[in-house]
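Here is a short briefing to read beside the structure. Please keep the 3D view open and follow the helix packing, the ligand surroundings and a few single residues in turn.

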Amino acid sequence: MENLKKELLNLNEKELTDLVVSLGMKKFNGKQIYGWLHSKIARNVHDMTNLSLKSREVLAEHAYIPLLNLLNHQVSKKDGTEKFLFGLQDGNTIETVLLKHKERITICISSQVGCPVKCAFCATGASGFERNLDVHEILNQVYTVERRLRNKGETINNIVFMGMGEPFLNIENLIKSIRILSDENGLNISKRKITVSTSGIVTGIERLLEEKLPVGLAISLHAVDNEKRNMLVPINKKYPLEDLFSTLVQYQRATNRRITFEYILIKEVNVSQGDAEVLANFIHSFDHALNLIPYNPVLDNEFERPSQKKIEKFYNYLKNDRKVNVIIRGEKGTDIDGACGQLRRRNVTK
Ligand code: SAH
Ligand code: SF4
């Protein structure tokens, strides 16, 4: 039975080598198989043609390469953004988005089914929390899309954990996946090209430091006042702004990496002159980039997007008066609900 077999993509190179050796193969076969799995992204053990037939048979008897079930694929007519709906073995579904910007191809991947953080504006949070994704489910979002791109002579350049879920609440699988994705015997995607987007789980940021994994950070800030942030991003009660701030200072000191801040603009909630001032003060402590994201009304709640005039006023103050490195994030794939963090609204098949 498939489900008693080992899922090969859950194993790092050491674990894979241990398995292979326990099945009577040589240590170097571990490295070979790892390359088939993560660099050549084979779909089947029998594709591993430099292994003996016997070895392939033994391996296939004890282990398999799990795959995702592509349930739906949409391409934006406006900007080519692609959205993939994948089915998991247990019937849950997740979404992955592919964004193209000139020559750069970025994949936006999910880390959980649903999300327990339950931000007040977020469709993923509102859909509840089901479970963490396995390593193979994280990797396979990348691998499935990369196979399709390779057929066209293209390749993924950047990975952002900005799909469904809070990556730092699935920290072990997140770290293992990042190590495999950046492994030179795998896809070899530089850690500089991998970004983790977080609602501000301080312990997760600290863990990256301990692990010496200097990936990019995108902080979903949305308010620079604890009371307001508690309402928008409830995890702020556990990790208040002061703690987030000092951890980020530490992260930047250790990694020298620019930190991206995400700030959703919500009418009459976080777009006053006072909000802009405290935001500028906060952000100027960092080598930063600030993305303003006009709220996308995906939920039946009282939130609305501010007027264009209000958005521009907020932006102009930050940009011109305070010299913040700010952009209003261009919306991609709006015709397919493809914007990161706003996934799985129409396509819930459960
Ligand atoms: N959990 C992580 C990553 C996934 S959410 C995090 O919160 O950072 C990805 C992004 O989508 C976040 O910046 C989130 O704030 C944003 N987002 C969620 N719902 C949105 C909405 N309705 N309109 C605009 N942006 C939204
Ligand atoms: Fe979770 Fe991010 Fe959505 Fe908040 S914005 S509920 S952390 S996915």
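In this predicted model, helices α1 and α2 are oblique to each other, because their axes cross at roughly 125°, an angle that lies outside the ranges for roughly parallel, antiparallel or perpendicular. The two axes come within 8 Å, and α1 passes α2 in a right-handed crossing.

**The α1–α2 contact**

- Helix α1 spans residues 13-22, and α2 covers 27-38.
- From α1, the contact is made by Glu13, Leu16, Thr17, Val20 and Val21.
- From α2, the partners are Lys27, Asn29, Gly30, Lys31, Ile33, Tyr34 and Leu37.
- By class, the residues of this contact divide into six nonpolar, three polar and three charged.
- Valine 21 lies in α1 and counts as partly exposed, because its relative accessibility is 42% and that class runs between 20% and 50%.
- Leaving aside neighbours within four places in sequence, valine 21 is in contact with Lys26 and Lys27.

**The α5–α6 contact**

- For a pair like the next one, it helps to recall that two packed helices are described by the angle between their axes and the distance between the axes.
- Helix α5 (residues 135-151) and helix α6 (residues 171-181) have axes that come within 9 Å and cross at roughly 40°.
- These two helices are therefore oblique to each other, since 40° is not under the 35 degrees set for roughly parallel.
- The crossing of α5 past α6 is right-handed.
- On the α5 side, Val135, Ile138, Leu139, Val142 and Tyr143 take part.
- They meet Asn173, Lys176, Ser177, Ile180 and Leu181 in α6.
- Seven nonpolar, two polar and one charged residue make up the contact of α5 with α6.

**How α6 is covered**

- How many of the 11 residues of α6 are buried? Eight are, and the helix is mostly covered.
- The buried residues are Ile171, Asn173, Leu174, Ile175, Ser177, Ile178, Ile180 and Leu181.
- The elements that cover these buried residues include the helices α2, α5 and α7 (202-211).
- Strands β9 (158-161) and β10 (194-198) are also among the covering elements.

**The α7–α9 contact**

- Helix α9 takes in residues 241-255, and its axis comes within 10 Å of the axis of α7.
- The two axes cross at roughly 15°, which makes α7 roughly parallel to α9.
- The crossing of α7 and α9 is left-handed.
- Val202, Ile205, Glu206, Leu208 and Leu209 are the α7 residues in this contact.
- Their counterparts in α9 are Asp243, Leu244, Thr247, Leu248, Gln250, Tyr251, Ala254 and Thr255.
- The residues divide into eight nonpolar, three polar and two charged.

**Around ligand 2**

- Which residues surround ligand 2? They are Cys115, Val117, Lys118, Cys119, Phe121, Cys122, Gly125, Gly165, Glu166 and Ser199.
- The shell is made up of five nonpolar, three polar and two charged residues.
- Glycine 125, one of these residues, lies in helix α4 (residues 123-126).
- Is glycine 125 buried or exposed? At 3% relative accessibility, glycine 125 counts as buried.
- The C-alpha atoms of glycine 125 and cysteine 115 are separated by 4.8 Å, although the two residues are 10 apart along the chain.
- Not counting residues up to four places away in sequence, glycine 125 touches Cys115 and Lys118.

**Serine 220**

- Serine 220 has its place in strand β11 (residues 216-220).
- Its relative accessible area is 15%, so serine 220 is buried.
- Beyond its neighbours within four places in sequence, serine 220 is in contact with Ser197, Thr198, Ser199, Arg229 and Glu262.
- Ser199 in that list is also one of the residues around ligand 2.

**Two loop residues with positive phi**

- As background for your backbone checks, most residues other than glycine have a negative phi.
- Asparagine 256 has a positive phi of about 60° although it is not a glycine.
- The loop between α9 and β12 (259-265) holds asparagine 256, which counts as exposed at 66% relative accessibility.
- Lysine 323 also has a positive phi, near 55°.
- Lysine 323 sits in the loop between α11 (308-321) and β14 (326-328), and lysine 323 is exposed, with a relative accessible area of 60%.

Definitions and conventions. Residues numbered from 1 in each chain as written. Chains lettered and ligands numbered in written order. Predicted model: local features only at pLDDT ≥ 70, side-chain atom pairs only at ≥ 80, totals over all residues. Heavy atoms only, no water. Helix = DSSP H or I, 4+ residues; strand = E, 2+ residues; numbered from the N terminus. Buried < 20%, exposed > 50% of the residue type's maximum accessible area, 1.4 Å probe, protein only. Contact = heavy atoms within 4.5 Å. Near = heavy atom within 4 Å. Nonpolar A, V, L, I, M, F, W, Y, C, P; charged D, E, K, R; others polar. Axes fitted to C-alpha atoms, helices over the stretch in contact; angles between N-to-C directions. Parallel < 35°, antiparallel > 145°, perpendicular 65-115°, else oblique. Left-handed = near helix turned anticlockwise from the far one by under 90°.
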